[in-house]
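Trainee: I'd like a close look at one part of this model, and then a walk outward from there. Please take your time with it.

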Amino acid sequence: MTDARQSMLSRLWAYRPTTALARDFYTSAADYQVELEHIWYRDWLFVGHDCEVAHTGDYLTLQVGEYPILVVRDRDGEVRAFHNSCRHRGSRICSAEHGTTPRLVCPYHQWSYRLNGELIAARDMGEDFQRERYGLRPVHCARVGGYIWICLGAVAPDFDAFARQVEPYLRPHHLQDARVAFESTIVEQANWKLVWENNRECYHCAVNHPELARTFPATPTVSGPAAQSARMQAEGARWESLGLPSRYQLSANGQARIMRMPLLGAAVSYTMDGKPAVRRALSDAVTDSNVGALLMFNFPSTWNHVLGDHAISFRVLPLGATATQLTTKWLVHKDAVEGVDYDLRNLTEVWLATNDEDRRVCQENQLGVNSPIYEPAPYSPVHEAGVMQFVDWYRNHLIGRLTS
Ligand code: FES
Ligand SMILES: [Fe+2]
């Protein structure tokens, strides 16, 4: 075992997840490299939505650590993922974030690949050249409920248990048939775990999120890991009777959670007045005026909110030990028309502001943690149980990976 791995393992063994992590976990390039290799390059990661690659030849690209990745809809309607690196001399094949193409043609010397990855044309390579040996390198790809996932590992961890857990909750919302109305990508100068820790608590919400605090319940008994308020139970029972699975469910290893939660008071959407942002329901099958927010997370790459009128997905990708990219997408019914069924500013205002506020608090968190005098202190058992659940998962998951 390398020194970096051994060092991380001994610090993880010594760590008790009732306090924040020690400084190195948030700052060290060596630790970050171990996390890339043992988490980011081995776990299932959320990359985008089925509806972004709805038709043959539609593709999206993303960068996971050192790996450029390409996700494309092939001629059989299957969604496939490949390493976005030409088998000739390695050029990236697609550089746009989204596009449509009948075949994948490398811009450097025009080697051409079918949408299933087979190399079909390579000019003047000589008689002995064996085209079939130079197909694009595939990446594991799986889908559930309108969300596309990839895994860079040689052997992918089980995906089916997660799919079985969340599919019944997502099914009524018909996200496969939605449309991305808006997308935003920001960079937070903060370690990816600080971004997650911030996401897993609302201890900071009242003061930092004036827009979100109008509709999002900061109370841990509503939005926290042991959500059990009386309202929660009453609303949950009503939703279940409408065919909308709602109860809190955490996966056995603590990596994924799904639950449905009521918003504050009479609010039904994340808008400044709590009213729907979109006149047309997101799904033709979910027309009740108040279905709360379906919350789903899957460490380390995504958290999500599905409402009655729209859905918001968040994709987390690490850029370095102290930089994280966050991509947010707003999904609406595919036939909802901007300017008629919704106003884009009204739809995006709350989460654009919230993301920016979270970016600032995470960056300040990083700058303070960078100080040699920073010392981990206890989390609030009342407000930060969700954070403890995250760091507990992180500790156990990474120990598992480093010792297997
Ligand atoms: S690097 Fe792709 S064709 Fe040469
Ligand atoms: Fe926040």
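**A buried helix and what lies around it**

Mentor: Trp-192, Lys-193, Leu-194, Val-195, Trp-196, Glu-197, Asn-198 and Asn-199 of α5 are buried (under 20% relative accessible area with a 1.4 Å probe, protein chains only; exposed is over 50%, partly exposed in between). That makes eight of the eight residues of helix α5 (residues 192-199), so the helix is largely enclosed by the rest of the structure. Helices (H or I, at least four residues) and strands (E, at least two) are DSSP runs numbered from the N terminus.

Some ground rules: residues count from 1 along each chain as its sequence is written, while chains are lettered from A and ligands numbered from 1 in the order written. The model is predicted, so to speak of local features takes pLDDT of at least 70, side-chain atom pairs count only at pLDDT 80 or more, and totals for chains, interfaces and linings use all residues; side-chain values use heavy atoms, with hydrogens and water left out.

Back to α5: its N-terminal end is capped by Asn-191, with a side-chain oxygen 2.8 Å from the backbone nitrogen of Lys-193.

Further along the chain come two histidines, His-204 and His-209, both buried. Each gives its NE2 to the iron ion (ligand 2), and Asp-358 coordinates through OD twice, all at 2.0 to 2.7 Å. Donors here are N, O and S atoms within 2.8 Å of the metal (3.2 Å for Na, K and Ca), and water is not among the atoms, so sites may look incomplete. Along the chain the donors of the iron ion (ligand 2) are spaced H-x4-H-x148-D. The angles among the four donor atoms run from 53 to 152°, and the site is irregular. For that label, the cut-offs are: four donors are tetrahedral if all angles lie between 85 and 135 degrees; four are square planar and six octahedral if opposite donors are over 155 degrees apart and all others between 65 and 115; anything else is irregular.

Now the sheets. Seven strands make an open, antiparallel sheet in the order β11-β17-β16-β15-β14-β13-β12, where pairing takes at least two DSSP bridges between two strands. β11 (178-188) and β12 (249-250) sit at the edges with a single partner strand each, so one side of each has no neighbour in the sheet. Inside it, β13 (residues 256-261) and β14 (residues 293-298) pair antiparallel over six bridges, and Arg-257 has Phe-297 of β14 as its bridge partner. The loop between β14 and β15 holds Pro-300, and the peptide bond from Phe-299 to Pro-300 is cis, with omega near 5°.

Strand β17 (residues 323-333) contains Leu-326, which counts as buried at 3% relative accessibility. Beyond its neighbours within four places in sequence, Leu-326 is in contact (heavy atoms within 4.5 Å) with residues including Ser-184, Ile-186, Trp-303, Phe-314 and Asn-355. Its C-alpha is 6.7 Å from that of Phe-314, 12 residues away along the chain.

Another enclosed piece is strand β1 (residues 45-49): five of its five residues are buried, so β1 is largely enclosed by the rest of the structure. Four bridges tie β1 to the antiparallel strand β10 (residues 147-151), and Leu-45 stands opposite Ile-150 there.

For contrast, try Asp-124, in the loop between β8 and β9 (138-144): Asp-124 is exposed at 73% relative accessible area, with a positive phi of about 50° despite not being a glycine.

Conventions. A polar contact is a pair of N or O atoms within 3.5 Å; within protein, one must be able to donate a hydrogen and the other to accept it, and residues adjacent in sequence count only if both atoms are side-chain atoms.
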